Structure formats: structure tokens, C-alpha cells
Amino acid sequence: MASGSWEEFFAVHLPPTDFEDNRSLLKEFCERHDQYGNKIVLVTSGGTTVPLEHNTVRFVDNFSAGTRGAASAEYFLEHGYAVIFMHRQKSLEPFTRNFTGQKLFDMLDLQDRGPNTTITVKQDSVFVLAPVLQRYQAAHAAGALLHVAFTSVSEYFWLLRAACELLARTGPRALLYLAAAVSDFYVPKDRVPTHKMQSASGPPVIQLHLVPKMLAPLVNLWVPEAYVVSFKLETDENLLIPKARAALEKYKHKMVVANMLQTRHQRVILVTPDANQEIVLSREEVHAGIDIEGVIVSDIVRAHGAHMGCGAPPSCARSPR
Ligand code: 9Z3
């Protein structure tokens, strides 16, 4: 089924209920950092859902946990960026991503003394927790990290457009790092039933439609001066570079980070008009817990610095946050 236009998509799909609240937060954040001439990065992270009912019980989802986006947000903060972390509700977040599941509880000791009970961090865990907690507290004290959350693909697009339009004023200091796994398919609003589908009605036939490509208006209209990095995910290696290069030629943005589902946390290729630059972590680096995002972000920060006409970021910012 052919995709409609992006204008049609926004005309048909109403903004999410918390849209104005999020828009105000984004506006305040962008204006505050613009005052100081800070660089601002929009990091999108996690997967979008495709609701199958308006009162949503079931939805189509994808694999993304938000590992890439959450880790990258931390590295952008280290490079002095103000970070808008636009993420799937309940996906991984910067800093806390390091202590998921039972990891945090395993670091704690409980001294049960009735009303004087205390909880302490185990001595051998202090060295693990303290540096992360320090960076978390520094980012929040500086007001350098804003979280906004989406769930469905239409919530994602509403937030994306709002963030881009507000970042237009940031000019070339804005960087877009579009790492979210956004569904290519959806069920248009008028084809989605209001209530939970009933098994008594027999097996449902669900036809997915193509989502309009938002990268075109994003690059040309919403945030034309920004340094835009998109991501391309494939499972067939033969398609990876040709499709990344085709996207770059079609949308004329600055870079595509190409990655394979199976190896995405050890290997990526930064595809720009002039080159393919492969980044690979060695087995030792993976075992040592090195994040590939640290390398990706350093390279992108350097390229963004050149785009701004300043060879040595992050000293481009005129004032500390
Ligand atoms: C990516 O390719 C990201 O690197 C991953 C990160 C989603 C693979 P995780 O969240 O995974 O760390 O588990 N993101 C973009 C994927 C995508 O949907 N790209 C579209 C495409 O390939 C175009 S924007 O067609």
C-alpha cells in the first residue's frame, strides 16, 4: 500500500494528550541553551509501537531496547552537548541503563535495625556506582538533559516535528542523532477499531500501510541548518551500504550510521558522501565493557564541529551550561 504524504499523516493523527506539556519543556530547554550558544543534540531512542486498537491492548512492536540511544546520550553530555533524550517510554535511559534488572539491588547491603534500618552500597560496588552517579548528578544540576517519551509511531512523529521546529533556531549548533527504531508500517487511524478485538469475531485481517518518510521534510523544512545523522538497520549485509548510501543521496543529510541487527553493538559503518568509515570493537574491548557509542559519538562530534565551521569542538560553546 502506497504511503500518504507527511502532511496528511499529521492532519489525520491528532497530537498525543501530553503533547503541549512536552512542547513547553522542549521550548524552555532549547531557549535556555540557545542563550548560551550551547550545542544541542536530539537523540531519539528505542522502538515505536503500532497500535491495533484505539483503546490499545495489542500493538506491533520491534526489538529495540534503546541501548544505543541511552549510551550515546551519556557520551554527548561528556562532549559538552545539551541533550534532548527522546525515547520510547520504559526503554533504557542514560545512566540508569548501567544498572538494569537486579544489578542495583546486588550492590546494596541492608542493615535491619527496625526503625533505624539503613541501606548502604557494598564497598566493592562504590567504585562502579559512584562515577555514574556523579555524571548523572552533574548533568541534572547543569540542566543539560531533558527526557521526553513516546510510545506509538504517531506520538514519535509529533514529538520529532516539534523538537525539530524548536531546534531550527539553534541553526548549525543543532545535531540530530536519529537512533530510534521507527516502524516503516502502521495501521491508519480510520482502520483501527475503537475497542479490543474479539476472538469471537474470528481471526483479524490486519493490513499495514507504509509510513510516510519524514526525513525529507525534516532535512528540507523543519531543521534545515542542523547536522542530521540517521541510522540504517539491515539483517542482510549485502543491502547495508547500498541502502545507507541511497538514503544519503535521497535525503541529502550528512551521515548514515549503518548497522546490522546481529552485530550492532560491535560494528557500525559511518557513511558520508565521501567515505565509509568502519568502527569495530575487538573481542577484548567488548569483554571489557567498552561502548561502541563512545567511538561513534566522538567521530560525529568532530564532524559536527567541522560543520559549524569550528575545528575543535566542544570549545565552540561560548559559555558553560
Ligand atoms: C538503529 O539502527 C539503531 O542502531 C538500533 C539500536 C535501533 C539498531 P538498540 O536500541 O538498537 O541499541 O537495541 N536505528 C535505526 C533503525 C531504523 O529503523 N532505521 C530505519 C531504516 O533502517 C530508517 S530511520 O530503514
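1. A good place to start is the ligand and its surroundings. The shell around the ligand is made up of seven nonpolar, five polar and three charged residues. Please keep in mind throughout that this is a predicted model. In all, 15 residues surround the ligand, and the closest are Ser64, Thr67, Arg68, Phe231 and Leu233.

2. Which elements each supply at least two residues of that shell? They are helix H3, covering residues 67–78, and strand S11, covering residues 227–234. The most generous contributor is S11, which gives four residues to the shell around the ligand. These two elements deserve a point or two each, and I take the strand before the helix.

3. Is S11 mostly covered or mostly open? Mostly covered: of its eight residues, six are buried. The strand has a parallel partner in S8 (residues 174–178), and four bridges join the two. If you would like a residue pair to look for on screen, try Ser230 in S11, which has Leu178 opposite it.

4. S11 also pairs with strand S12 (residues 255–260), again in the parallel sense, and here there are six bridges. Within this pairing, Met255 of S12 stands opposite Val229. To get from S11 to S12 the chain passes through helix H7 (residues 237–251), and the resulting β-α-β crossover is right-handed.

5. Now to H3, the helix that shares in the ligand shell. Its twelve residues reach 17 Å from the first C-alpha to the last, close to the 16 Å expected at 1.5 Å a residue. Like S11, which is mostly covered, H3 is mostly covered, with ten of its twelve residues buried. The buried residues run through Arg68, Gly69, Ala70, Ala71, Ser72, Ala73, Glu74, Tyr75, Phe76 and Leu77. Arg68 therefore appears twice in this note: it is buried in H3, where 20 or more other C-beta atoms within 10 Å is the criterion, and it is listed among the closest residues to the ligand.

6. What covers the buried residues of H3? The cover includes four strands and two helices by name: S1 (40–45), S4 (82–88), S7 (145–150) and S8, together with H4 (123–141) and H9 (292–307). S8 is thus worth a second look, as this strand is also joined to S11 by four bridges. Just after H3 comes Gly80, which takes a positive phi of about 90 degrees.

7. Two other backbone angles caught my eye. Lys90 is not a glycine, yet its phi is positive, near 70 degrees. Lys90 is found in the loop between S4 and strand S5 (108–111), and it is exposed, with 10 other C-beta atoms within 10 Å. Lys252 likewise has a positive phi without being a glycine, in this case about 60 degrees. Its place is in the loop between H7 and S12. Is Lys252 buried or partly exposed? Lys252 counts as partly exposed because 13 other C-beta atoms lie within 10 Å.

8. Last, a hairpin. Strand S13 (residues 267–271) and strand S14 (residues 276–280) are paired in the antiparallel sense over five bridges. Four residues make the connection from S13 to S14. At this end of the pairing you can check Val271, whose bridge partner in S14 is Asn276.

Note on methods
Residues numbered from 1 in each chain as written. Predicted model: local features only at pLDDT ≥ 70, side-chain atom pairs only at ≥ 80, totals over all residues. Near = placed C-beta within 6 Å. Nonpolar A, V, L, I, M, F, W, Y, C, P; charged D, E, K, R; others polar. Pairing = 2+ DSSP bridges. Right-handed = clockwise from strand over helix to strand, strands pointing away. Expected span 1.5 Å × (residues − 1). Contact = placed C-beta atoms within 7 Å.
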